[in-house]
Amino acid sequence: MGEAITYELLHVDKNSGARRGVIHTPHGDVQTPIFMPVGTQATVKAMTPEELKEMVEAQIILGNTYHLFLRPGHKIVEKAGGLHKFMNWDRPILTDSGGFQVFSLGKLRTITEEGVEFRSYIDGSKNYLSPEKSIEVQQSLGSDIMMAFDECCPYPSTYDYTKKSMERTTRWAKRCKEAWTNKETQGLFGIIQGGFYKDLRDISLEQLIALDFPGYAIGGISVGEPKETFLDILQYTTPKMPENKPRYLMGVGTPDYLIEAALAGIDMCDCVLPTRIARHGTAMTHNGKLVVRNATYAEDFTPLDPECDCYTCKNYTRAYIRHLLNVNEILGMRLLSIHNLRFLTKLMDRVRIEIENDNLLNFRDEFYKKYGYEK
């Protein structure tokens, strides 16, 4: 057997440089560019795996190393036969390293060269994650794609802090690679850091490319900075990433950011956004966000989005979903989750077609106009 994860480039949009490709994994092929739903606790919130396949047409989902390490514990998942068997999902899974969650704990954690000591948000108990531990946990989970343990800088951060953090991320990436033993069944991606300093991004890229990972991610953007700043670093970094390997932009899930990521040459994106806003009563539609809880929809017997082909839009009205939300019925959140996830997977289906037709720039302009975005 060869490498677990390989990338095949099918077409480059001659007007924008966007890529259309396929990622080959042990649990099937992933057509790119792709949006990946997030299954933090070994479930995409409120969704069954069958719904994710049939109603959302999700090709790949994420699991969260930090959360699964704390509960139920990676050894239990391993005993169950790995994450795929544990959660009854037979398509590809990507697991994050746990780094982002640990670093977002702020005062609850202490970073050293060795790793990060942190207090559990569940019971306050002391826990420890290092590059080696993160890989051990991810290998127990048995995901198709593992992520290297990195430090995600907060925004804004000083040049000096960002430089030290980026250098540590490189050292940790080396340790992750040394700890990775399941090369034929699991891939490992390196994460490019460097904050919003282009020279640091260049150094991070150079050092990680030298380590020859099967894929690369851009970390540390889409962390609260203005859109222009985000686009500047995205468009600067992506073309310098290896052409023959998957390119992953972490933590992006709004339609405009997904389209801009594809235009920059990104293959994979993920975000909790579609299910999170669904639970708060908001739908993504071709005409922008729709807050279904609003009284204006009390007698609106049309679908959430007349252009959507999802199960929710085919069968239920805005008025009914609003009623469910107002009486706290779980079905309301589930129907909105199905719709939002399908909206994004369908958007990426369309993005792939537009790339094949060298037309993604025109599509972006049309989509933005209708959605209410400014270019």
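This passage walks through the overall build of a predicted model and then through some of its local features.

The protein chain is made up of 15 helices and 16 strands. Its radius of gyration is 20 Å, close to the 21 Å that the globule rule gives for 375 residues, so the chain is as compact as a globular protein of that length. Along the principal axes, the C-alpha atoms occupy a box of roughly 60 × 50 × 45 Å. Buried residues make up 56% of the 375 in the chain. Among contacts with a separation of 6 or more, 66% are between residues 24 or more positions apart. The surface left exposed comes to about 15,500 Å², and carbon and sulfur atoms supply 51% of that area. As for charge, the chain carries 45 positive and 49 negative charges, and the mean positions of these two sets lie 4 Å apart.

Side chains of opposite charge can pair when their charged atoms come close. In this model, 29 salt bridges are found. One of them brings together the side chains of Asp 232 and Lys 198, with an N to O distance of 3.0 Å. Asp 232 sits in helix H9 (residues 227-237) and Lys 198 in helix H8 (residues 198-211), so this pair ties together parts that are 34 residues apart in sequence. Neither partner is hidden from the surface: Asp 232 is partly exposed at 36% relative accessibility, and Lys 198 is partly exposed at 31%.

Helix H9 also takes part in a salt bridge through Lys 227, whose partner is Asp 256, with the closest N and O atoms 2.9 Å apart. Because Asp 256 belongs to helix H10 (residues 255-264) and Lys 227 to H9, the pair ties together parts that are 29 residues apart in sequence. Asp 256 is buried, its relative accessible area being 6%.

A further salt bridge joins Arg 342 and Asp 309 at 3.2 Å, N to O. Here the link runs between distant parts of the chain, from helix H14 (residues 330-356), home of Arg 342, to the loop between strand S16 (288-291) and helix H12 (311-315), where Asp 309 is found; the two residues are 33 apart. The partners differ in their surroundings, since Arg 342 has a relative accessible area of 5% and is buried, whereas Asp 309, at 30%, counts as partly exposed. Both residues belong to a network of salt bridges that also takes in Glu 57, Lys 346, Asp 349 and Arg 352.

Turning to individual elements, helix H6 (residues 131-141) is mostly covered, with 8 of its 11 residues buried. Among these buried residues are Pro 131, Ile 135, Val 137 and Leu 141, alongside polar ones such as Ser 134, Gln 138, Gln 139 and Ser 140. Just after H6 comes Gly 142, which adopts a positive phi of about 75 degrees.

His 67 is placed in helix H2 (residues 65-70). With a relative accessible area of 15%, His 67 is buried. Apart from its neighbours within four places in sequence, His 67 is in contact with Thr 40, Gln 41, Gln 101 and Tyr 121.

The backbone also has some notable points. Thr 32 and Pro 33 are joined by a cis peptide bond, with omega at about 0 degrees. Pro 33 lies in the loop between strand S3 (28-32) and strand S4 (34-39). Another cis peptide bond runs from Arg 71 to Pro 72, where omega is near 5 degrees. Pro 72 is located in the loop between H2 and helix H3 (74-79).

Positive phi angles are found at residues that are not glycine as well. Ala 46 has a phi of about 75 degrees and is placed in the loop between S4 and helix H1 (49-56). The relative accessible area of Ala 46 is 35%, so this residue is partly exposed. Asp 212 likewise has a positive phi, of about 55 degrees, and its place is in the loop between H8 and strand S12 (215-218). Asp 212 is partly exposed, at a relative accessible area of 44%.

How values were computed: Residues numbered from 1 in each chain as written. Predicted model: local features only at pLDDT ≥ 70, side-chain atom pairs only at ≥ 80, totals over all residues. Heavy atoms only, no water. Salt bridge = Lys/Arg side-chain N within 4 Å of Asp/Glu carboxyl O. Helix = DSSP H or I, 4+ residues; strand = E, 2+ residues; numbered from the N terminus. Buried < 20%, exposed > 50% of the residue type's maximum accessible area, 1.4 Å probe, protein only. Contact = heavy atoms within 4.5 Å. Rg over C-alpha atoms; globule rule 2.2 N^0.38 Å. Areas by Shrake-Rupley, 256 points an atom, 1.4 Å probe, with all protein chains shown as cover. Lys, Arg positive; Asp, Glu negative; His and termini not counted. Charge placed at Lys NZ, Arg CZ, Asp CG, Glu CD.
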